[in-house]
Amino acid sequence: MLAVLTLIGIGIAMIYSATVTTIDLSDYWLRQLVFVGLGVVVLIAATFFDYHYFQILAIPIFLLFTGSLVAVLLFGVNQGGSVRWISVGGVLVQPTEAGKFLVIIYLAWYLSWFHNEMGRLPYLLGALALLLAPLVLVYLEPDLGMTVTFAFIGGVLILAGGVRLWQIGLMAFGALLTLPFLWGALQGYMVERIQVFLNPQDNPGAAFNVNQALIAVGSGGWLGRGWGYGSQNQLHFLRVRHTDFIFSVIAEELGLIGATIVIGLLLFVVWRLLRIADHAQDHFGRLIALGVAALIFFQALINVSMNLSLAPVTGLTLPFVSYGGSSLISMMFAIGLAESVAIHQGRTEF
Amino acid sequence: MSMYDDRDNLYIGPPKTPDSATWVTRFFRIGLLLVFALLMGRLYQLQIVRGDAYRTDADDNRFRLVESPAPRGVMYDRTGQILVRNRPSFEISLVPDDLPFNDPETEIDEQAAEIEHVLQVLNAGQDPDVALRMGELMFRRLGRADYANTVENAGVDLNYVFVPGPVETTADEEGQPQATTSSTIRIPDLTQQLPMEGLVALVQRAIELGGQGSASEPVPILDLVDRTRAFEIVEESYAMPSVRVNEVPVREYIYGDLLSHILGFLGPIPAALEDEYRANGYTNPNERVGLNGLEFSYQTELRGLPGYKNVEVDILGREMRTVGQVIDPVPGSNLILNIYKPLQEAMYNELEKAMEETGAPWAVSIAMNPQNGAILGMVSLPSYDNNIFAERINEDYLALEADKRRPLINYAIGGLYPPGSTFKLVTSAAALEDDVIGESTIIRDDGPIYLPNKFFPDDPEQAQEFVSWNHALGIVHGPLNVVQALALSNDIFFYWLGGGYPPAEFKGLGQKELSRWAELFGYGDPTGIDLPGEVGAIVPDDQWKRQLYAESWTTGDSYNMAIGQGYLLSTPLQVLVSAATVANGGTVYEPQVVRQVVDANGGLQRDFEPRIRRELPLDDGIIDIVREGMWAAVNSEIGTAAGAQVPGVTVAGKTGTAEFCEYIPELEDCRRDEEGNLPTHAWFVGFAPYEDPEIAVVTFLYDGGEGSAVAVPVTQKILAAYFNDIAPRTEETTP
């Protein structure tokens, strides 16, 4: 909890630094503060809500989620070439953000409910189908980052859900077979981003953001240039610096020390989540904690890697730190979910 | 959360099955540690190992060296009349860095869209002048092939025109242009107004190329924009961060053709010399530099020093603040020339008239103060309007390139011709100094003289005949002293001086002495005038002839050289320098066009200082005899240049009528008139006043005919203009 709040605190400070010189964005740190307030309420509510009740809600959750994804595809708002938002009463909502924990909940339910049958192929395929349905829909938006995130969470949960070794072998084989088709099915912008990552010199324009991020990170040194003094950040050479590239801002202004603290805190949170999973008494709770751990771990890894030019650019945010209401609140809800697993042990077993 | 640690012992539910979740979390933890190590390693590599390099990159991003050009110096004539000034004009350019990137995630090409938007603001779609000017700029920047490819790839059909290619000249042994070969080249028609897509493609290409050097360096896309329009563009383009509007003054040569060979013109830094200019502190690749005339030779003085300031910019290229020291530009110095603009006009007009009358294809007149080498006027015709280099590459420019008479050449310093009888000044001074003759030595002109054939010395039929010009008129001059010979320009007399005359046991100067004295008088090496493009031709000698013709020097060669025919070639300026040396009593001066260099605040940086090349090793009185010969040519009854007399002053001079060979391949011979005579250049070189010379003038008309009939009257009018209008005689100095 403390680690999460520290991260959020660092996030607000950095968002302030990243946006205060831009008139359009100068109140973002305040807005983030409001989101944090909301997030804390959500977190506490989720913590004290007994997670077992979600087992009852699992099927409606799945239907609601896939339904909203279909709705996005049909009526969604197009922004920057992809359809990710849906307008609910004038407010833009991104269902995939909530989808992060929704996927965790219903997959955890399915896998724990049929825990003893998971050794049989039809049940495994059922799990895969539950995962693939939203995956394909998200992929069509298109949103590569989310697709991969869902795949990772799903994969971790299915592995943990009790598959047999031979099944893993089969899945790996199947995945290998579909790989060429996957490349063909990748949407144009995705291919381009991956190519930019592999051969940055071929497309200097598109590699600009990545390059500027590297310069920002690199110029940080041990202690950084000081909060509010990062030239890459303050002079706006870094694009989307308050969301995707917030980690570059941290590395530039707070240096290796600051960046290490942030990474350390994030991994510490994941470590604690794994501990919750280990100590959970029932499969459902264990899988939920594991799913939340996978979610935070994966997003943090991909976002930091992207800032350090270790992974292609995706729209994945840095958990708790990046600006963005739906991302922050859903992350805090996920933590609340895991905390609920931690404190509601033993009661319903009897 | 220590409550979990002892939970295992209290657990009383169904036995916990060891399932895959256990090893998944274990696996997960290992992954966690690995990821942490990986990210730390990467951070260390980026921030510590390569940190300095990235810090430099970050500084490169934010600091931009902005150059503020210094106003270029202007030029005045000797009396303070302004000859060239700077007209305010504006240049529109785009900064590649500040254009939007083409985002691959979207269908549209953001960069092209932004360029098109800019061009709309510039009115390139409607205003044909704008479209044409942009086309020309892009043509100059990209070159013929790239321009055509770019436009055609944008789906625009181009018209083409054919223009003459570079002229290649072959010269015969006298250095005359014989045959000029020129192939035509196909270039895009620049008078064709390009549609929007063509212009956008061109600008995008120029940006692409410009961005390769330094992407923060503006790429000019339109110039010659006037002040009102420039302000409009500034206002309309506020939302376009890539647009820069800079004041780039245009050189305005007020008198155009009159002074173009002296003043020269500006142009972009030639591609071949880019490195050299950069090494000399020319950091702006778009700077225009002097390419010819004084603009070239005084480029450093005229340019001044650009100022610099370091500014911190944001990603849109907006200047946030100035960092560190600001270096203010130092304005270029102004030049005050030795030229008298009214004299230059008189020279220009008189020479032009004479060219029309004689049909001479080109002609030269130069005036110099013989006492110090100051150039008072210099005209080479045909001339050209140097303003067209600042304006568009239009028909005027193409016509100039295509003109067979090559108006861009300053023939005063760039053309080599036989000096003809004007060379007799050198021959007579040398003969007197070397004691070949004395002041009163008499040589008889009794008609042509003959040199026996080397192989048939006893056969008079085979002997080589040498005539004087007067023999064709049926006149022999009889006994002559050196003054009379100069006055009459008798050739027999000078044949004797040059090569001797064996039948009379008369020993002449010979090749060695002729060549030595020619060089002393300023033939051979260029005179050293402060203008670019000056040439000189080697003074021929025995060795030179052996190397070139595999023949030894003959007495006949000495004869020809003594009268300025044959192998010796000179520029009109060299002839003037040799005559000025006679006028001033034996000092060879380097001619200078610029009188003073004055800085922008009026401070004198360099005053006029005569540059003496050498004093001739002549005994007292010798030059006076040659001067007397020049006096007699104008003022005695027998003189060839009586037409040069100017009322009120005493003029002295020497005519020349130099035969030349214009080889016609079809005839396998030189061009000749009906009577078989070779065409001639008309020469006259004179000075005045005789007693204390202050102006020396040479006039040369290529293929102009007789010196006395053509060049003398022109010079007379120039001298008259000088003494009547420019520097009128006061009572005391009038003889």
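A:T149 is a buried residue, because its relative accessibility is 0%, and this value, like the others in this briefing, was computed from a predicted model. Two surface patches stand beside this buried position as topics here: a nonpolar patch of about 640 Å², to which residues of chains A and B contribute, and a patch of negative charge formed by residues of chain B.

**A buried threonine in chain A**

- A:T149 belongs to helix 6 of chain A, which covers residues 144–160.
- Leaving aside residues up to four places away in sequence, the contacts of A:T149 are with A:L295, A:F298, A:Q299 and A:L316.

**The nonpolar surface patch**

- The residues that make this patch are A:W222, A:L223, A:I257 and A:I261 from chain A, together with B:Y44 and B:V49 from chain B.
- Helix 11 (246–279) of chain A and helix 2 (20–49) of chain B each provide at least two of the residues in the nonpolar patch.
- A:L223 lies in a loop of chain A, between helix 9 (208–218) and helix 10 (231–234), and this residue counts as exposed because its relative accessibility is 67%, where exposed means over 50%.

**The negative surface patch**

- On the surface, B:D435, B:E439, B:D619, B:D620, B:D624 and B:E628 come together as a patch of negative charge.
- B:E439, one of these residues, sits in the loop of chain B that runs between helix 16 (424–433) and strand 19 (443–445).
- With a relative accessible area of 47%, B:E439 is classed as partly exposed, because this value falls between the limits of 20% for buried and 50% for exposed.

Definitions and conventions:
Residues are numbered from 1 along each chain as its sequence is written. Chains are lettered from A and ligands numbered from 1 in the order in which they are written. This is a predicted model: local features need pLDDT of at least 70, side-chain atom pairs count only at pLDDT 80 or more; totals for chains, interfaces and linings use all residues. Side-chain values use heavy atoms; hydrogens and water are left out. Patches are made of residues with over 30% relative accessible area and no salt bridge: like charges are joined within 9 Å, nonpolar side chains (Val, Leu, Ile, Met, Phe, Trp, Tyr) within 5 Å. Accessible areas come from the Shrake-Rupley method with a 1.4 Å probe; for residues, only the protein chains shown count as cover. A salt bridge is a side-chain nitrogen of Lys or Arg within 4 Å of a carboxyl oxygen of Asp or Glu. Helices (H or I, at least four residues) and strands (E, at least two) are DSSP runs, numbered from the N terminus. Buried means under 20% relative accessible area, exposed over 50%, partly exposed in between (1.4 Å probe, protein chains only). Lys and Arg count as positive and Asp and Glu as negative; His and the chain ends are not counted. The place of a charge is taken as NZ of Lys, CZ of Arg, CG of Asp or CD of Glu. Contact means heavy atoms within 4.5 Å.
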